[in-house]
Amino acid sequence: MDDIRRMSIENAFTYHKPRPGDEELYRAIREKGKELAILIENYVPDSREKSLARTNLEQAVMWANAGIARS
């Protein structure tokens with residue numbers, strides 16, 4: 001395994017303590033995600049598509065926050 005892949009694995013499976021300012025960024029991303037989730041809940045009929053939209057929105061918020069933590 002090359003060094004770049006090893007570093008990528010290390011970074012993905014290591015705890016990343018929040019730096020100053022990270023908590024505010026996490027919160028802002030979660031709040032915007034919640035706004036969109038409410039919009040989806042209010043306007044999209046109950047369906048598989050709605051469930052997938054919610055699931056993928058949750059994933060987007062999680063990955064965005066992980067991107068901050070891992071940088």
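A salt bridge is taken here as a side-chain nitrogen of Lys or Arg within 4 Å of a carboxyl oxygen of Asp or Glu. The structure is a predicted model, in which local features need pLDDT of at least 70 and side-chain atom pairs count only at pLDDT 80 or more, while totals for chains, interfaces and linings use all residues. Residues are numbered from 1 along each chain as its sequence is written, and side-chain values use heavy atoms, with hydrogens and water left out.

**Salt bridges**

Side chains of opposite charge can pair when their charged atoms come close. The whole structure holds 6 salt bridges, among them the three tabulated here.

| Pair | Closest N to O distance |
|---|---|
| Asp-22 and Arg-19 | 3.4 Å |
| Lys-50 and Glu-41 | 3.3 Å |
| Glu-58 and Arg-54 | 3.4 Å |

Burial is judged by relative accessible area: buried means under 20%, exposed over 50%, and partly exposed in between (1.4 Å probe, protein chains only). Asp-22 is buried at 5% relative accessibility, whereas its partner Arg-19 is partly exposed at 35%. In the pair of Lys-50 and Glu-41, Lys-50 is buried with a relative accessible area of 6% and Glu-41 is partly exposed with 41%. These two residues also belong to a network of salt bridges that includes Asp-46.

**Helix α3**

Helices (H or I, at least four residues) and strands (E, at least two) are DSSP runs, numbered from the N terminus. Helix α3 covers residues 48-70, 23 residues in total, and reaches 32 Å from its first C-alpha to its last. This is close to the 33 Å expected at 1.5 Å a residue, where the expected span is 1.5 Å times one less than the number of residues.

Glu-58 and Arg-54 both lie in α3, 4 residues apart, about one turn of the helix. Arg-54 is partly exposed, at 32% relative accessible area. The buried residues of α3 are Lys-50, Leu-57, Val-61, Asn-65, Ala-66, Ile-68 and Ala-69. Their cover includes α2, with contact meaning heavy atoms within 4.5 Å.

**Nonpolar surface patch**

Leu-36, Leu-39, Tyr-43 and Val-44 make a nonpolar surface patch of about 400 Å². Patches are made of residues with over 30% relative accessible area and no salt bridge; like charges are joined within 9 Å, and nonpolar side chains (Val, Leu, Ile, Met, Phe, Trp, Tyr) within 5 Å. Accessible areas come from the Shrake-Rupley method with a 1.4 Å probe, and for residues only the protein chains shown count as cover. Tyr-43 is placed in helix α2 (residues 22-43) and is exposed, with a relative accessible area of 65%.
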